[in-house]
Amino acid sequence: MKALKSIGYVLAALETVVSLTAIYFAMSTKMVPFVIGLIVAIILMVFPILVFILAKKENKKTRLMAIAVSSIMCIIMGLAAYYLSVTSRAIDSVTGTTVEVDEINVYVSKDDAVASINEAVSNNYVFGTVSTDDSKHINETIDKIEKDLGTSIQTKEYDSVFSLIVGFESGEVQSFITNEGTVLALDSSENYLDYSQKLKVIMENTIKEKLKDEAKQVVDKDTFCVYFSGIDTFGSVTARSRSDVNIIGVVNNKTKTVLLVSTPRDYFVELSNANGKKDKLTHAGIYGIDVSMETLEQLYNVDLSYYVRINFSGFQDIINTLGGVDVFSEQEFESITEEGTYSYNAGINHLNGEEALGFARARYAFIDGDRQRGRNQMQVIKATIEKLESKETLKNYASLMDNMAGSFQTDMSKDNIGYLVQSTLDDGNWTVLTYSVSGSDAEEVCYSLGGSAYVMIPNEADVDYGTELIFKVLSGQNLTQDEINVYIENKDSEDNITEQSFEEESEDSDSSEDESSDAE
């Protein structure tokens with residue numbers, strides 16, 4: 001009997017420690033209001049006290065019951081403490097990030113016998129650079145080479161990456177120094193498709209740079225805009241690279257409304273760092289996420305307070321950890337990627353991470369290209385959210401949190417995220433609205449490339465309507481998805497009428513020419 005009494009006391013003490021630990025981690029997530037946390041803590045402390053009292057009883061059954069209750073509570077609170085600690089650690093790792101990585105590489109031909117920067121310098125190589133790159137980071141890399149090797153190197157600057165490659169292939173320069181994202185942008189151009197496969201890297205220089213001053217302007221916790229960026233890289237989420245997903249999230253916590261405004265990656269816009277010159281929106285990411293944000297701010301005349309960024313490797317890991325997602329496809333198509341060819345049926349498709357990535361990246365399989373890709377990306381986001389809300393997520397919760405920790409990056413603070421979660425717990429009836437801008441296909445000279453490439457010329461009416469929607473949500477005006485859909489349907493009807501009129505005019509013109517030919 002004394003042994004049972006002692007066990008009861010020990011378990012009561014253990015339960016107290018474990019419960020307090022769970023409360024600590026719950027509060028550290030910033031997602032639990034202080035008052036609620038205090039109330040839960042008081043309630044949880046009742047159990048060990050009750051166990052302590054029961055353990056003092058002389059009745060054996062009573063003491064056994066106390067031991068059983070305390071054991072169960074220790075297990076429950078222990079698991080809660082574990083999962084809450086994983087959550088807190090994951091949130092800490094992704095929030096408040098203000099550092100970005102610029103990966104500057106030194107390239108030579110894949111068939112070049114030179115295998116290191118030391119050999120290249122020893123062979124008196126001339127190194128090409130591009131004026132549109134971040135000159136500060138390029139110069140830092142050159143300084144590092146000269147300092148490490150104790151000698152100066154010869155460089156030749158070109159006004160564009162296209163002219164650089166011409167000089168490289170003609171032998172004017174035997175090597176070149178540029179941002180990895182610039183080479184990725186080159187890869188997607190028609191003239192130099194997959195050009196990186198002809199190159200090899202003989203030196204890597206990773207430069208970390210602070211994005212923003214932490215003492216930035218005060219942001220209203222209830223109404224703000226967030227930039228969601230999906231970057232075209234399989235490496236670190238902090239690395240500068242092209243942004244293939246560009247979505248502005250407009251949050252109004254008072255009306256519980258979120259508006260997602262999607263902008264195509266190929267939108268031809270003025271880059272904030274290019275002195276009025278235009279380029280694809282996706283190329284803004286080469287110069288840093290702050291340039292992407294500033295470019296979108298110029299386009300929509302809106303302030304973006306925060307950013308959230310995810311890379312492709314993280315995207316795959318999260319979906320695989322979830323056990324796949326069920327994604328709706330509007331049509332049957334194939335997606336050809338570096339990893340393989342994936343086929344999709346019209347309707348619901350259960351996709352793993354690699355298949356979901358192929359689904360979200362495909363554009364050449366569609367007549368309307370990037371427009372359809374934008375819609376597909378929204379379907380993947382929707383499917384992922386639905387899976388995250390399911391009970392199945394709990395099975396792999398710890399792994400999911402670990403994967404998210406290495407896949408996301410945001411400059412939102414832990415306190416701000418916690419505030420939104422607390423507000424959602426109080427009133428979780430959020431309305432999510434979506435809108436995508438469109439445009440017309442064209443070939444234009446891009447600032448980062450220095451040559452012509454496919455772009456999408458913005459439809460000014462679409463952009464203006466997007467701006468109107470953003471300010472409606474921020475100001476708390478009532479807005480519905482049906483209202484947005486009416487605009488889209490009317491616009492599509494006008495486009496069809498314009499297209500038919502153009503075709504009829506062309507036919508009339510052809511008929512007139514035929515009649516003239518017959519008369520002759």
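The following dialogue works through a predicted model, one question at a time.

Student: Which helix supplies the largest share of the nonpolar patch?
Tutor: The patch covers about 930 Å² and includes Phe34, Leu38, Ile42, Val46 and Met65 among its residues. Two helices, H2 (34-56) and H3 (60-94), each supply at least two residues of this patch. The largest share, 8 residues, comes from H2.

Student: Is Val46 buried, partly exposed or exposed?
Tutor: Val46 is placed in helix H2 and belongs to the nonpolar patch. Buried means under 20% relative accessible area and exposed means over 50%. Because the relative accessibility of Val46 is 47%, the residue counts as partly exposed.

Student: How far apart are the end C-alpha atoms of helix H8?
Tutor: Helix H8 runs over residues 289-300, and its 12 residues, at 1.5 Å a residue, should span 16 Å. Its buried residues are Ile289, Val291, Ser292, Met293, Thr295, Leu296 and Tyr300, and the helix is followed by Asn301, whose phi is positive, near 55°. The distance between the end C-alpha atoms agrees with the expected span, at 17 Å.

Student: Why is strand E6 described as largely enclosed by the rest of the structure?
Tutor: Strand E6 spans residues 223-231, and it pairs with strand E7 (residues 243-252) in the antiparallel sense over 9 bridges, while its pairing with strand E11 (residues 306-311) is parallel and has 6 bridges. The description itself rests on burial, because the number of buried residues in E6 is 8 of the 9.

Student: Which residue of E11 is the bridge partner of Ser229?
Tutor: Two strands flank the question, since E6 pairs with E7 through bridges such as the one that sets Phe224 opposite Val251. On the E11 side, where the pairing with E6 is parallel, the bridge partner of Ser229 is Arg309.

Student: What is the relative accessible area of Ser438?
Tutor: Ser438 lies in the loop between strand E17 (431-436) and strand E18 (439-446). Leaving aside residues up to four places away in sequence, Ser438 touches Tyr267, Arg371, Met456, Ile457, Pro458, Asn459, Asp462 and Lys491. Ser438 is buried, and its relative accessible area is 13%.

Student: How many residues apart in sequence are the parts that Asp102 and Arg240 tie together?
Tutor: The side chains of Asp102 and Arg240 meet in a salt bridge, with an N to O distance of 3.4 Å. Asp102 lies in strand E1 (residues 99-109) and Arg240 in the loop between E6 and E7, so the pair ties together parts of the chain whose separation is 138 residues.

Student: Which of the two, Asp102 or Arg240, has a relative accessible area of 2%?
Tutor: Arg240 is buried, with a relative accessible area of 8%. The value of 2%, which also counts as buried, belongs to Asp102.

Student: In which helix does Lys136, the salt-bridge partner of Glu209, lie?
Tutor: The closest N and O atoms of Glu209 and Lys136 are 3.3 Å apart. This pair links distant parts of the chain, 73 residues apart, with Glu209 in strand E5 (residues 199-210) and Lys136 in helix H5.

Student: What is the relative accessible area of Asp244, which meets Arg265 in a salt bridge?
Tutor: The N to O distance between Arg265 and Asp244 is 2.9 Å. Arg265 lies in the loop between strand E8 (257-262) and strand E9 (268-270), and Asp244 lies in strand E7. Arg265 is buried at 3%, and Asp244 is buried with a relative accessible area of 6%.

Definitions and conventions:
Residues numbered from 1 in each chain as written. Predicted model: local features only at pLDDT ≥ 70, side-chain atom pairs only at ≥ 80, totals over all residues. Heavy atoms only, no water. Patch = residues over 30% accessible without salt bridge, like charges linked within 9 Å, V, L, I, M, F, W, Y side chains within 5 Å. Areas by Shrake-Rupley, 256 points an atom, 1.4 Å probe, with all protein chains shown as cover. Salt bridge = Lys/Arg side-chain N within 4 Å of Asp/Glu carboxyl O. Helix = DSSP H or I, 4+ residues; strand = E, 2+ residues; numbered from the N terminus. Buried < 20%, exposed > 50% of the residue type's maximum accessible area, 1.4 Å probe, protein only. Expected span 1.5 Å × (residues − 1). Pairing = 2+ DSSP bridges. Contact = heavy atoms within 4.5 Å.
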